[in-house]
Amino acid sequence: MAPRKIIIDTDPGQDDAVAILLALASPEDVDVLGITAVAGNVPLELTAKNARIICELAGKTDVPVFAGCDRPLGRDLVTAEHVHGKTGLDGPSLSDPQMPLQEQHAVDFIIETVRAHDTGTITLCPLGPLTNVATAFQRAPDIVEKVQQIVLMGGAYFEVGNITPTAEFNIYVDPEAADIVFKSAVDIVVMPLDVTHKALVTKPRNDAFRALGTPVGVAVAEMTDFFERFDKEKYGSAGAPLHDPCVTAYLIRPDLFTGRHVNVEVETSSDLTMGMTVADWWRVTGRPANAMFMGDIDADGFFGLLTERLARL
């Protein structure tokens with residue numbers, strides 16, 4: 001089969017960086033047409049910079065990077081420096097990027113690219129807030145039916161929330177954008193906290209990254225060293241969850257994941273549960289299913305794939 005044509009929409013973030021590296025290391029599976037940056041983990045200026053740093057780390061400077069929306073659709077930006085550090089990529093020492101940022105706005109790139117390709121041939125891979133994707137759908141409703149699939153990291157059901165008691169960060173930052181995307185009728189695959197909290201970088205798994213001995217392997221290990229201190233303290237877990245690489249791994253090895261096709265609604269009006277992804281896991285509402293909501297992962301298989309592919313860079 002030909003590699004899937006994808007656009008990675010992202011707010012790097014250490015785990016975003018690993019997701020991008022996995023995609024760039026897997027050209028037989030995914031063809032990265034471009035990377036679109038959005039404000040999220042850190043402000044847009046840094047996410048656009050970080051995306052280029054990661055491309056250069058991977059030696060893939062031909063992948064175009066576009067800056068997108070610098071704030072959510074209808075609210076102030078919430079960021080996560082408390083998790084990712086001031087740069088978003090705290091941990092390793094990485095040089096400022098030399099490759100240019102594209103002049104075109106990310107939303108325009110998404111619209112133009114989907115329009116230019118046959119229906120059902122472009123997959124959107126959001127790793128952060130859904131502002132860019134929702135804005136593209138609002139500006140160009142004709143592209144919605146042309147998108148092959150959206151595979152996103154966001155939301156939670158059994159794990160509930162990580163930025164509020166009831167909301168996962170990516171959805172909470174721009175719940176109105178998430179609401180637009182989940183109501184779009186596009187084929188959606190969701191990697192919620194229920195899955196990503198099972199993808200823990202334990203010490204042996206991180207040692208395997210470091211043992212690659214390459215700039216990529218060492219940088220990933222150092223990112224995780226930094227990233228995990230927050231999660232270990234918060235959850236009492238054995239390591240940090242690698243949220244966003246679950247998206248890329250699904251594109252390569254969907255058999256690593258199991259879930260249910262259910263209805264998912266996004267809360268946009270409650271102060272108490274703002275940004276909650278209300279997943280009808282037990283199918284009690286009668287509302288039509290609109291997303292494949294993943295619930296489990298083969299973590300050993302996931303980390304085996306990740307280590308093997310990162311070794312290529």
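This note goes through selected local features of a predicted model, point by point.

1. Backbone near the start of the chain. The peptide bond that joins Pro-12 to Gly-13 is cis, and its omega is near 0°. Gly-13 sits in the loop between strand S1 (4–10) and helix H1 (14–24). A reader following the chain from S1 into H1 will meet this bond on the way.

2. Positive phi at Ala-185. Ala-185 is not a glycine, yet its phi is positive, at about 75°. The residue belongs to the loop between helix H7 (175–182) and strand S6 (188–191). Its relative accessible area is 74%, so Ala-185 counts as exposed.

3. Positive phi at Arg-283. Arg-283 also is a residue other than glycine with a positive phi, here near 55°. The loop that holds Arg-283 runs between strand S11 (277–279) and strand S12 (291–297). With a relative accessible area of 53%, Arg-283 is exposed.

4. The largest pocket. The volume of the largest pocket is about 200 Å³. Its lining includes Met-1, Ala-2, Pro-3, Arg-4 and Lys-5. Glu-28 and Asp-29 are also among the lining residues, as are Gly-120, Thr-121, Gln-148 and Leu-251. Sorted by class, the lining has four nonpolar, three polar and four charged residues.

5. Salt bridge between Arg-312 and Glu-28. The model has 19 salt bridges. In one of them, Arg-312 pairs with Glu-28, and the closest N and O atoms are 2.8 Å apart. The pair links distant parts of the chain, with the two positions 284 residues apart in numbering. Arg-312 is in the segment after helix H12 (299–310), while Glu-28 is in the loop between H1 and strand S2 (30–37). Both partners are partly exposed: Arg-312 has a relative accessibility of 41%, and Glu-28 has 38%.

6. The network around Glu-28. Which residues are linked with Glu-28 in a network of salt bridges? They are Asp-29, Glu-308, Arg-309 and Arg-312. Glu-28 and Asp-29 appear in the pocket lining as well, so points 4 and 5 are best read with this one.7. Salt bridge between Asp-108 and Arg-139. The side chains of Asp-108 and Arg-139 form a salt bridge, with an N to O distance of 3.8 Å. Asp-108 is in helix H4 (residues 106–116) and Arg-139 in helix H5 (residues 131–139), so the pair ties together parts 31 residues apart in sequence. Asp-108 is partly exposed, at 34% relative accessibility.

8. Salt bridge between Arg-210 and Asp-225. Here the closest N and O atoms of Arg-210 and Asp-225 are 2.3 Å apart. Arg-210 lies in helix H9 (residues 203–211) and Asp-225 in helix H10 (residues 215–235), and the two are 15 residues apart. Arg-210 is partly exposed, with a relative accessible area of 32%. Asp-225 is partly exposed too, with 35%.

9. The buried side of H4. Which residues of H4 are buried? They are Ala-106, Val-107, Phe-109, Ile-110, Ile-111, Thr-113 and Val-114. The elements that cover these buried residues include S1, S2 and strand S3 (65–67). Strand S4 (122–126), H5 and strand S5 (147–153) are also among them. H5 thus appears twice in connection with H4: in this cover, and as the helix that holds Arg-139, the partner of Asp-108.

10. Aromatic pairs. The structure has seven aromatic pairs. In one of them, the ring centres of Tyr-157 and Phe-158 are 4.7 Å apart and the planes stand at 75°, so this pair is edge-to-face. Tyr-157 is partly exposed at 25% relative accessibility, and Phe-158 is partly exposed at 47%.

11. Phe-158 and Trp-282. Phe-158 also pairs with Trp-282; the centres are 6.1 Å apart and the planes are at 75°, so this pair is edge-to-face. The two residues come from distant parts of the chain, 124 residues apart. Phe-158 is in the loop between S5 and helix H6 (169–173), and Trp-282 is in the loop between S11 and S12. Is Trp-282 buried or exposed? Trp-282 is exposed, with a relative accessible area of 53%.

12. The aromatic cluster. Tyr-157, Phe-158, Trp-281 and Trp-282 make up one aromatic cluster. The loop between S11 and S12 that holds Trp-282 is also where Arg-283 of point 3 lies.

Note on methods. Residues are numbered from 1 along each chain as its sequence is written. This is a predicted model: local features need pLDDT of at least 70, side-chain atom pairs count only at pLDDT 80 or more; totals for chains, interfaces and linings use all residues. Side-chain values use heavy atoms; hydrogens and water are left out. Helices (H or I, at least four residues) and strands (E, at least two) are DSSP runs, numbered from the N terminus. Buried means under 20% relative accessible area, exposed over 50%, partly exposed in between (1.4 Å probe, protein chains only). On a 1 Å grid over the protein atoms alone, a cavity is a set of points where a 1.4 Å probe fits but cannot get out, and a pocket is an open set with protein on both sides within 12 Å along at least five of seven lines; lining residues have an atom within 4 Å of a point. Grid points are joined across faces, edges and corners, and a volume is the space filled by probe spheres set on the points. Ala, Val, Leu, Ile, Met, Phe, Trp, Tyr, Cys and Pro count as nonpolar, Asp, Glu, Lys and Arg as charged, and the others, Gly among them, as polar. A salt bridge is a side-chain nitrogen of Lys or Arg within 4 Å of a carboxyl oxygen of Asp or Glu. Contact means heavy atoms within 4.5 Å. Rings of Phe, Tyr and Trp (its six-membered ring) pair if their centres lie within 6.5 Å; planes under 30 degrees apart count as stacked, over 60 as edge-to-face and the rest as tilted.
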